[in-house]
Amino acid sequence: MQTCSQCNSSSPDQATHCIHCQADLHEFSTTAVALKKFRANPRVKAIRISVANDACSHCYELLQTYPKDEVPRLPHEGCSHENGCRCFYEPVLSEMSIT
Ligand SMILES: [Zn+2]
Ligand SMILES: [Zn+2]
Ligand SMILES: [Zn+2]
């Protein structure tokens with residue numbers, strides 16, 4: 001499942017464009033928007049992929065932390081869950097420096 005950041009509609013994992021507003025989901029899904037934001041933030045050192053509790057085994061295997069420039073796209077292509085991939089990105093922040 002992908003959520004459109006423009007209109008909040010859900011589209012299937014396979015959709016390339018939002019089924020409601022036709023936004024390009026490679027750019028405007030909520031996960032794509034989050035990833036872009038984390039990459040642009042210098043305090044984010046790495047990006048972790050988190051999975052839903054009932055995620056499929058394929059998604060669980062990919063549950064790990066990635067360097068910012070090697071983060072795989074979501075939704076995972078091989079996801080076999082009936083509701084599709086619901087993984088999301090989480091920022092790994094650098095240690096706060098002395099303020
Ligand atoms: Zn939309
Ligand atoms: Zn999955
Ligand atoms: Zn997944």
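**Loops, zinc sites and one helix face**

Visitor: Where is the place of Ser-9 in the chain?
Guide: Residues are numbered from 1 along each chain as its sequence is written, while chains are lettered from A and ligands numbered from 1 in the order in which they are written. The model is predicted, with local features needing pLDDT of at least 70, side-chain atom pairs counting only at pLDDT 80 or more, and totals for chains, interfaces and linings using all residues; side-chain values use heavy atoms and leave out hydrogens and water. Helices (H or I, at least four residues) and strands (E, at least two) are DSSP runs, numbered from the N terminus. On that numbering, Ser-9 is placed in the loop between β1 and β2.

Visitor: Is Ser-9 buried or exposed?
Guide: Buried stands for a relative accessible area under 20%, exposed for over 50% and partly exposed for values in between, with a 1.4 Å probe and protein chains only. The relative accessible area of Ser-9 is 18%, and therefore Ser-9 is buried.

Visitor: With which residues is Ser-9 in contact, its neighbours within four places in sequence left aside?
Guide: Contact is taken as heavy atoms within 4.5 Å. Once those sequence neighbours are set aside, the partners of Ser-9 are Gln-2, Thr-3, Cys-4, Cys-18 and His-20.

Visitor: Which residue bridges the zinc ion (ligand 2) and the zinc ion (ligand 3)?
Guide: Donors are N, O and S atoms within 2.8 Å of the metal (3.2 Å for Na, K and Ca), and sites may look incomplete because water is not among the atoms. For the zinc ion (ligand 2), the protein donors are the SG atoms of Cys-56, Cys-59 and Cys-79, at 2.2 to 2.3 Å, and their spacing along the chain is C-x2-C-x19-C. Both Cys-56 and Cys-59 are buried. The two zinc ions, ligand 2 and ligand 3, lie 4.1 Å apart, and the residue that bridges them is Cys-59.

Visitor: How much space lies in the largest cavity?
Guide: On a 1 Å grid over the protein atoms alone, a cavity is a set of points where a 1.4 Å probe fits but cannot get out, a pocket is an open set with protein on both sides within 12 Å along at least five of seven lines, and lining residues have an atom within 4 Å of a point. Grid points are joined across faces, edges and corners, and a volume is the space filled by probe spheres set on the points. The lining of the largest cavity includes Cys-56, Cys-59 and Cys-79. The structure holds one cavity of 30 Å³ or more, and the space in the largest is about 30 Å³.

Visitor: Which residues are closest to the centre of the largest pocket?
Guide: The largest pocket holds about 280 Å³ of space. Of the 15 residues in its lining, those closest to the centre are Asp-13, Gln-14, Pro-75, His-76 and Glu-77.

Visitor: What is the omega of the peptide bond from Leu-74 to Pro-75?
Guide: Most peptide bonds are trans. Pro-75 is found in the loop between β4 (65-67) and β5. The bond leading into it from Leu-74 is cis, with omega near -5 degrees.

Visitor: Within what arc do the buried residues of α2 fall?
Guide: Helix α2 (residues 30-40) has Thr-31, Ala-32, Ala-34, Leu-35 and Phe-38 as its buried residues. Seen down the helix axis, they line one face, because they fall within an arc of 160 degrees, taken from the directions from the axis to the C-beta atoms. These residues pack against α1 (25-28), β3 (44-50) and β5 (88-93), whereas the face turned away carries the exposed Lys-37 and Ala-40. The arc of the buried side is thus within 160 degrees.

Visitor: What is the phi of Asn-8?
Guide: Most residues other than glycine have a negative phi. Asn-8 sits in the loop between β1 (2-3) and β2 (10-11) and is exposed, with a relative accessible area of 62%. Although Asn-8 is not a glycine, its phi is positive, at about 65 degrees.

Visitor: What pattern does the protein chain follow along the sequence?
Guide: The protein chain has three helices and five strands, and buried residues account for 35% of its 99 residues. Its C-alpha trace spans about 45 × 30 × 20 Å along the principal axes. Read along the sequence, the pattern is β-β-α-α-β-α-β-β.
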